[in-house]
Amino acid sequence: MTLTLPERFEELSDARKEGFVKVMKLKEEGKGIVGVFCAYTPTEVLDAAGLVSAGLCGTSQETIPIAEQTLPKNLCPLIKSSYGFAVSEKCPYTYFSDLIIGETTCDGKKKMYELLRDLGKDVYVMQLPQSNKRAYAAQVWREEIKLLIEYIEKKFDIEITDEMLRESARKMNRLRRAKHRMFELQKMDPPPMYGIDMVKATEGEGFKLTVDDRIKAIEDLCEHIESNYKENGTDVPKTQKRIMLTGCPMGGVMDKVVKTLEDSGGVVVVYDTCAGTRTCEDLVDEDADDILLAIAERYLKIGCSVMHDNTERTDNMERLIKEYKVDGVVEVILQACHTFNVEAVKIEREVRRAGVPYTKLEVDYSDTDRGQISTRIEAFLEMIDK
Ligand code: BJ8
């Protein structure tokens, strides 16, 4: 198969060009590339299949104007940005993906996947149950994972056995434990690092190609942080207010929210998000007789607002506040994300019950609300007693 670069390749920045060349090389070496959008994607299947998986969630304002030529303006920026990257051919993983996996999560995403198909992409959508509370929910998700396995086996002409899945589950569990160990370092008082640095470190880890490389990168990082803390202490002053961030994925608002918060006297000690503690505390039962069911059960424990009766998130709130000695909670809602925005009512109730101040910020990826967000954050931090 002859691979071609996008028509406007020469207009891209050097970093992006590098990304395209790197992914093209992988494809030339015979690697299958799978794009994913959600923490519900059973990564054990992709790992067992020997496929390279890459997160495709858009985190940049840059591609939103082109997306808005097709999609409604009043839509979550993550969805618009992701679609914009596909239309403008600016993301190497989307461009070179052999397969894109989506799930029936929020309405905007599941409808956007249909439009991705119109761009000629092979998009496989898994039907996620609307709630994990029904007795049969795990069986439904198990069946969906089985169907995905069959699709992948046929498409890539491979076989995925239960033993391969079990081996991958062990590996993914090790990765989850490593991430959790890193997050738990922030329980120290004062914490060893700023939240923005922790995110940068995990972003780098996400681009490692094999799970083993990712585990090693995080474990090395943990050791480095621990020994540095012992020898030199931390750059974070004890007076910084310890903040939990919760809500929508925050990749697109790191600078506007996290950096502003930490420049104004706060430090993020816990991320209750998909990229944070929400997805690394629960493990797959590696020794279960039915490994497919064990994988299904683990994924359905993810406390995402797209689930009806998402008690997992509210149940964890008070514990996380205590364990990480949280002084205040900031909920970040991406514009037009109805599920997280409505669920915020319950989250606020839980946080206040735990006796901790709470605020909610509704944001998009643009710079237009930067001043207003900064004022809100400063006012919130000022009212926290420390
Ligand atoms: S498991 S958080 S990755 S669905 S796209 S729901 S922000 S309106 S991303 Fe998500 Fe999976 Fe849940 Fe995580 Fe709202 Fe935007 Fe929808 Fe979003």
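Biologist: Let's start with C304: is it buried or exposed?
Modeller: This is a predicted model, and in it C304 counts as buried, because its relative accessibility is 10% and the cut-off for buried is under 20%.

Biologist: Where does C304 sit, and what does it touch?
Modeller: C304 is placed in the loop between α12 and α13, the latter covering residues 311–323, and, leaving aside residues up to four places away in sequence, it touches Y40, N310 and F340.

Biologist: And how far apart are C304 and K179?
Modeller: Their C-alpha atoms are separated by 19 Å, while along the chain the two residues are 125 residues apart.

Biologist: What about the ligand: how many residues surround it, and which are the closest?
Modeller: There are 16 residues around the ligand, and the closest are C38, C106, C274, C304 and C337, so C304, which counts as buried at 10% relative accessibility, belongs to that closest group.

Biologist: What is the shell like by class?
Modeller: The shell around the ligand is made up of 14 nonpolar residues, one polar residue and one charged residue.

Biologist: Back to α12, since C304 follows in the loop between α12 and α13. How many of the residues of α12 are buried?
Modeller: Helix α12, residues 291–299, is mostly covered, with eight of its nine residues buried; these are I291, L292, L293, A294, I295, A296, R298 and Y299.

Biologist: What do those buried residues pack against?
Modeller: They pack against three helices, namely α2 (43–48), α7 (137–156) and α8 (162–184).

Biologist: Which side chain reaches the backbone at the start of α12?
Modeller: That is D290, which has a side-chain oxygen within 3.2 Å of the backbone nitrogen of L292.

Biologist: And where is the charged end of R298?
Modeller: The charged end of R298 sits over the ring of Y299, at 4.5 Å from the ring centre, and both R298 and Y299 are among the buried residues of α12.

Biologist: Switching to aromatics, how many pairs are there in the whole structure?
Modeller: A search of the whole structure finds six aromatic pairs. One of them joins F20 and F96, whose ring centres are 6.1 Å apart and whose planes meet at 65°, so this pair is edge-to-face.

Biologist: Which parts does the F20 and F96 pair tie together?
Modeller: F20 lies in helix α1 (residues 14–28) and F96 in helix α5 (residues 92–96), so the pair ties together parts that are 76 residues apart in sequence. F20 is buried at 0% relative accessibility, and F96 is buried too, with a relative accessible area of 3%.

Biologist: What other ring does F96 pair with?
Modeller: F96 also pairs edge-to-face with Y95, at 4.9 Å centre to centre and with 80° between the planes, and ring pairs link F9, F20, Y95 and F96 into a cluster. In addition, the charged end of K17 sits over the ring of F9, 5.9 Å from its centre.

Biologist: Last topic, K238: where is it, and what does it touch?
Modeller: K238 is in the loop between α10 (211–232) and β5 (241–247), and it touches D189, P190 and K386, not counting residues up to four places away in sequence. With D189 there is a polar contact between the two side chains, at 3.2 Å. K238 and P191, which are 47 residues apart in sequence, have their C-alpha atoms 8.2 Å apart in space.

Technical notes. Residues numbered from 1 in each chain as written. Predicted model: local features only at pLDDT ≥ 70, side-chain atom pairs only at ≥ 80, totals over all residues. Heavy atoms only, no water. Near = heavy atom within 4 Å. Nonpolar A, V, L, I, M, F, W, Y, C, P; charged D, E, K, R; others polar. Phe/Tyr/Trp six-rings, centres within 6.5 Å; stacked < 30°, edge-to-face > 60°. Helix = DSSP H or I, 4+ residues; strand = E, 2+ residues; numbered from the N terminus. Buried < 20%, exposed > 50% of the residue type's maximum accessible area, 1.4 Å probe, protein only. Lys NZ or Arg CZ within 6 Å of the ring centre and 35° of its normal. Contact = heavy atoms within 4.5 Å. Polar contact = N/O pair within 3.5 Å; in protein donor to acceptor, adjacent residues only side chain to side chain.
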